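Hi everyone, thanks for making time this morning. I'd like to walk you through a few strands and one side chain, so let me put the structure up.

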Amino acid sequence: MDTVLLDPPLVALDKDAPVPYAGEICAFKIHGQEAPFEAEVLNRTSGEGVLRARGPIDCEQQKEYTFIIQAYDCGAGPNGAGWKKSHKAVVHVQVDDVNEFSPVFREPVYRATVTEGKIYDSILQVEAWDQDCSPQYSQICNYEIVTQDTPFAIDRNGNIRNTERLSFDKQQHYKIMVTAYDCGQKRATESVPVHIDVKPVCKPGWQGWNKRVDYEPGTGSKQLFPKMHLETCDGPLSSVRAMVELQTSHIGKGCDRETYSEKSLQKLCGAASGSTDLLPAPSASTNWTASLLTDSGRDSDLIFRFDGRQAANIPERVVPQNLTDQFTIATWMKHGPSPGLRAEKETLLCNSDKTEMNRHHYSLYVHNCRLVFLLRRDFTQMDTFRPAEFHWKLEQICDKEWHYYVINVEFPAVTLFVDGVTYEPYLVTDDWPIHPSQIDVQLTVGACWQGGEVTTPRFTQYFRGSLSGLTIRPGKIETQKVISCLQACKEGLDINSLESLGKGIKFHFNPAQSVLVMEGDDLESINTAMAKVSYINSRQFPTPGLRRLRVTTTVQCFGEDTCISIPDIKAVVMVLPPSEPRITIAGVERVTWPATELRTATGVTLFKDIRIISTVTKSDNAFSSGHRSGVLEVMHNLDYCDVLVIGEELNPEHESLEIHHSSLLGKHLDATNSTSGISIYGVDSMAHYEQAIRQVRYHNWRPAGLSERKFRLSCSELNGRYTSNEFNLEIGVVHSSEAVEHVNHLAVQSQYMRPVHHPLVVHTVNSDHIAGTPPAATVVIVMCIATLVAIVVLGIYRIHTTHQEGTKGDEDGGKEPEMDWDDSTLTITVNPMENIDGPQSAGVIREEELEEEDEDDEDEEELAGDQSSAESEDSEEEEQTEVLGKAKGKLEWDPSTLPY
């Protein structure tokens, strides 16, 4: 038991001392509520005692005890009778504490966030406590950071501060371990982790966006900023205006458009026919553009670049000769400011005198960033002072960007369309018409031809810039719908799910859908709306490469114009390369036709069983098991197919390559032909091209001497960006074999023509056999019978002559019995296929030999003949009637004696 140290000590005195018993102290008694103490008398005589605890005392449960104690003497005798008690004394016991507990932190983890670049007096405060009851052991006297080499310190109160400026770029998160000590220097059993996040200095702007977005062709619309949000640093904003701009000026002619030829595009958009392409792709028939510079960096876009030194004369056969008061001039143009204060005229298109004089009949040129159209007519058309020059001053003319210009002339009104937007001329000047003359005119592109008033004819007023798709259409003007179609972009910005934008959001697209403006007065709404902004490219085979994105934002606060400056966003959309299609043309590569078919009015079809398919190779094998691994058949359009003549060109005097106009009806197709071949063009499906190509026919009305003709077929998609294989077709020409010589010159039928069966009546003994014989064999049999009759008649005549000579000899010189003929039983056997003039031999012709001869004659008949079937059959009937009639008149046959 623990002894309680009392101050003063426990002592009781009795005045009866030294009387035994009565003067002695026998006991101490404690009065209190369950005081865990007891008092024991150490010396009865001196009255000393001791106070002990009955069990363990815990300071944490009760720090102090107060109770009453009384002393008792031993009474009158040994039995303690008559004892007396002392007065009450108050005992106050204070329990001393033992440092048995370690400090414990109040939180298992501490977290804080600081902004970079600042020095804090206190980032956060950690706090520990101790269960000991005494101030000495229950108070925390010290804290310590256990983690070494950290830019933080902690004081005795648990306040953590940074000892240097923190950098978000250097380290964004810190974790330090902290421990605590009580005043008894007892350390905490477990250290506590402290997490400190470093955030950058609050900079208003868009956060959570990617600098690059990959776009897979054919995937439709793709979100550009799915997780982007605007940080305003808790500024009190009233409205937000964001403008998203898709920059595609480096792609094609300002954006990803269809790259078909100008003629194909016009037909696709429903434009009227009859336009003349003044800047076509260089070829044998369009060689005037061969010397011009082309921008080969564009993906299948035909772009001509003029640097002030190139121009082209348009051949007279190409120049439209019937310009009326209605016509259209259209072109793509990219042009920048001209150097110098007084820049020269830069001519796009000019129609001027070829020689002698220097008059401009009509021209289109740029002068000081103004577009000017000059139109002067002859006096024969109008002899009054009238509008002649039309001026437009527009920013687009010198902004170094691609724009589509269309000039509709409905004289005297002239309207300009730029990218589908109408502009009226700001200045119109009048002039007199040009006096009529017999001087030829010259149409030029890229400059103006000066053929008169100079010693040497030359180009002047060169153009500096880029042109594409320059066309003239006489007699008609272009509609707004067609113009919009021709200049429409196939890529642009989009918004997914317009319905979920919310009523507080306002948005607006420009016509090309390259600029999107969104406005809202709620930060959350503008964040939701911006997450729906997408990129879309509707081309099946888009132009791959980067498209730049720019987001410009303006924030307004209450009562202020602008209160927060938001930096612009610059990102890119990467359009991945599409899977390139492989266009394959297949079919029969050699056919044989008889010459008679080539001479018919319709000619012969060349590509009767042609087949066009296209396949792509995919890296992923995610398609049906019906295809080969990695190869998938795809359907797409074509824009032209050319059938070229291999070898000598067609001679228009006796041969042609044609396709009937009805074969193109209901399709977006047209065709042109020349002595080099035929070209079918227009944006349409492969199936429609197959149908059209199968109708191409070759006609030759003088095929004598022609043994074969070769043709080559090739097709294209996107103006030559993807081309097919070259399919070669060879036509063999079979000429008729020489006609068999016979008395009636019967014509022989062609082996490729099915004979028309006409009823033929022949009175012969073997009628059953003849009836079952093909018509060709019938002709041979008739010929054989005619020949046989002639031979028999001749033989009988010779025998008769010989017999008469023999009789006469008997009369003159005696009769020889062995030379007498008995012709009553005469039988003559003749081979009908022998030459009449050749030696004749007698023999018996078997029925099998006749059948073999019939088959041989039938084969010869199939190889011979160059007349029509109708002519052959008519001649057959006439010959049969004539020959049989003569035979009946001269000789009657006894069928019973015939060996066959």
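Before the first sheet, a quick word on terms: I call two strands paired if DSSP finds at least two bridges between them. Also keep in mind that this is a predicted model.

With that in hand, let's look at an open sheet of three strands, ordered β47-β54-β51, where the pairing is antiparallel. Its edge strands are β47, residues 604-605, and β51, residues 655-658, and each of them pairs on one side only. If you zoom in on β51, you'll find four bridges linking it in the antiparallel sense to β54, residues 697-700. To pick out one of those positions, Ser656 has His699 in β54 as its bridge partner.

Now to another sheet. This one is open too, with three strands in the order β45-β48-β49 and antiparallel pairing. Why is one side of β45 and of β49 left without a neighbour in the sheet? Both β45 (582-586) and β49 (631-633) stand at the edges with a single partner strand each, so one side of each has no neighbour there. For those of you who like geometry, neighbouring strands in this sheet are turned by 35° against each other on average, ignoring direction. The antiparallel pair β45 and β48, the latter covering residues 611-617, is joined by five bridges. Within that pair, Thr584 is matched with Ile613 of β48.

Next, a pair of strands elsewhere in the chain. Is strand β38 largely enclosed or left open by the rest of the structure? It spans residues 491-495, and four of its five residues are buried, so the rest of the structure largely encloses it. Buried here means under 20% relative accessible area. β38 runs antiparallel to β41, residues 533-537, and five bridges join the two. Leu493, for example, has Tyr535 in β41 as its bridge partner.

Last stop, a single residue: Gln442, which sits in strand β34, residues 441-445. Its relative accessibility is 9%, so Gln442 counts as buried. What does the polar end of that side chain find? A polar atom of the Gln442 side chain lies 3.2 Å from the backbone oxygen of Ile314. Setting aside neighbours within four places in sequence, Gln442 is in contact with Asn313, Ile314, Cys350, Asn351, Ser352, Lys354 and Trp449. So Ile314 turns up twice, in the polar pair and in the contact list.

That's my tour, and I'm happy to rotate the view for anyone who wants another look.

How values were computed:
Residues numbered from 1 in each chain as written. Predicted model: local features only at pLDDT ≥ 70, side-chain atom pairs only at ≥ 80, totals over all residues. Heavy atoms only, no water. Buried < 20%, exposed > 50% of the residue type's maximum accessible area, 1.4 Å probe, protein only. Axes fitted to C-alpha atoms, helices over the stretch in contact; angles between N-to-C directions. Polar contact = N/O pair within 3.5 Å; in protein donor to acceptor, adjacent residues only side chain to side chain. Contact = heavy atoms within 4.5 Å.
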